[in-house]
Amino acid sequence: MDVVVIGAGVAGLAAARELRRAGRSVAVLEARDRAGGRIHTLRLPGWPVPIEAGAEFVHGRPPTLLRLLGRAPREVRGSYYLAGLRKGDALWERVHEKLGSIPSLRERSVADAFRTLRWRLRTSDEERWMAAAFVEGFNAAPLERASVKSITQQTAFAEKIGGYRIARLPRGYHRLVQRLERGLPVELHSPVEEVRWTRGRVLVRTARASYQAERALITLPLGVLQENAVRFDPPLPRWKTEAISALAMGKVVKTALLFDEPLWPEDLAFLLVRGAPVPAFWRPLPSRAPVLIGWAASHNAEALRGRGAVAAAVRSLRDALPGKRVKPIDAQVFDWQRDRWSRGAYSWVPVGALKQQRALAAAVDDTLFFAGEATHFEGACGTVHGALDTGLRAAREILA
């Protein structure tokens, strides 16, 4: 065949779809028992709404994603609340405005930028807390290591497509996967063990079969590449392995809690709990179901490793909802760093590694091509629309 695509996440599916449209023969190999990668919509018995184990939001108005969806997702409308059910909308607006001016003329960590006199003079203690909590939670990246230039780049890219407006797909993100997957030859239960290659030819081996092609497109998550789960013969060049090692994979533990009735105001969209083990919650709007999604990322996710995430989420909510009987009737936990086929939720950029995203995206000898959210080098790593764009970019490179 012309191309073997390794990985049936949205990057691999989008690339395979584009290649097939151009008349190329393609096989898509996927280790899981489903396509979608880190998009995983669950319809659980007894739960009134679909639950997103992985990707959940549409960030801004990304044109490629919106075209594929066919209809506009539902924008999340509601208020930010703080512990004690104190309204936090005005605080969030101030923080959102000030995040656009993080000191970033020189490369350093976000934590260092937040310690500068310029930032501290412009912000209150509560604003500094919310800014730090948002940047670390949103990027799943420890502020002591995260690149301030990368965060600034992402902020600028987000503003181009609608800033921090967010939306959801009420019927589930898997609708996107189904649309991309339709008509594609996807081989499930097919983890790749080895890629043998020379210029213009690849042999891709799984436990069950071998596939020969002129080119391979690798869309494996960064965490899987970092574990050397797939052998390359000959090995990848040094500049490529250095790029893989230089970038980082974010840790996330997501908790879904089902209650018998709502314990929060009708206009609540997000609940932020300062200092709690699970510091952020949201409702799966536009549904009014009595469900909260808890989010612990980076340091908070690491602290939950091997511990009771549900109990931690309940403790966090008890602190945030005084006087309420916080007792869920069901709960689900999704720990992405323990997922063997992803080894983390999504990528982030450490200090000094911004150029390595472009190196990770670059083809090797016009034979091995790379896509996936970690290869988006213009500010959309960690997002579904970023992954989609990289799949289309890689398809164009192969066709050229």
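**View 1. P286 in the loop between β19 and β20, with its cis bond.** P286 turns up in the loop between β19 and β20, and a cis peptide bond joins it to L285, with omega at about 10°. Strands here are DSSP runs of E with at least two residues, helices are runs of H or I with at least four, and both are numbered from the N terminus. This is a predicted model, in which local features need pLDDT of at least 70, side-chain atom pairs count only at pLDDT 80 or more, and totals for chains, interfaces and linings use all residues. Residues are numbered from 1 along each chain as its sequence is written, and side-chain values use heavy atoms, with hydrogens and water left out.

**View 2. Another cis proline, P234, in the loop between β15 and α10.** D233 and P234 are joined by a cis peptide bond, with omega at about 0°. Look for P234 in the loop that runs between β15 and α10 (238–246).

**View 3. W282 and W295, a tilted pair.** First, the ring bookkeeping: rings of Phe, Tyr and Trp (its six-membered ring) pair if their centres lie within 6.5 Å, and planes under 30 degrees apart count as stacked, over 60 as edge-to-face and the rest as tilted. The structure holds ten aromatic pairs. In one of them, the rings of Y80 and F270 sit 5.1 Å apart, centre to centre, with 15° between their planes, so they count as stacked. That pair links distant parts of the chain, with Y80 in strand β7 (residues 79–82) and F270 in strand β18 (residues 268–272), 190 residues apart. Both Y80 and F270 are buried, where buried means under 20% relative accessible area, exposed over 50% and partly exposed in between (1.4 Å probe, protein chains only). The title pair, W282 with W295, has its centres 5.6 Å apart and its planes at 40°. Since W282 belongs to strand β19 (residues 280–282) and W295 to strand β20 (residues 291–297), the pair ties together parts that are 13 residues apart in sequence. Both W282 and W295 are buried as well. Zoom out a little and ring pairs link F57, Y80, W92, F134, F138, F270, W282 and W295 into a cluster.

**View 4. R343 and E227, a salt bridge between two loops.** A salt bridge here is a side-chain nitrogen of Lys or Arg within 4 Å of a carboxyl oxygen of Asp or Glu, and by that rule the count comes to 22. For R343 and E227, the closest N and O atoms are 3.4 Å apart. R343 lies in the loop between β21 (330–335) and β22 (347–348), and E227 in the loop between α9 (222–226) and β15 (231–233), so the bridge ties together parts that are 116 residues apart in sequence. R343 is partly exposed at 30% relative accessible area, and E227 is partly exposed at 48%. The loop between α9 and β15 also holds N228, whose phi is near 55°, a positive value in a residue other than glycine. N228 counts as exposed, at 62% relative accessibility.

**View 5. R393 and E397, a salt bridge within helix α14.** The two residues are four apart in helix α14 (residues 384–399), about one turn of the helix. Their closest N and O atoms are 3.4 Å apart. R393 counts as buried at 13% relative accessibility, whereas E397 is partly exposed at 29%.

**View 6. E194 with R196, plus a salt-bridge network.** The closest N and O atoms of E194 and R196 are 3.3 Å apart. E194 counts as buried at 10% relative accessibility, while R196 is partly exposed at 38%. A separate network of salt bridges links E56, R168 and K254.

**View 7. W129 and R274, far along the chain but 7.9 Å apart.** W129 is part of helix α6 (residues 125–139) and is buried, with a relative accessible area of 17%. From W129 to R274 is 145 residues along the chain, and their C-alpha atoms are separated by 7.9 Å.

**View 8. L29 and A8.** L29 sits in strand β2 (residues 26–29) and is buried, at 1% relative accessible area. L29 and A8 are 21 residues apart in sequence and 6.7 Å apart in space, C-alpha to C-alpha.
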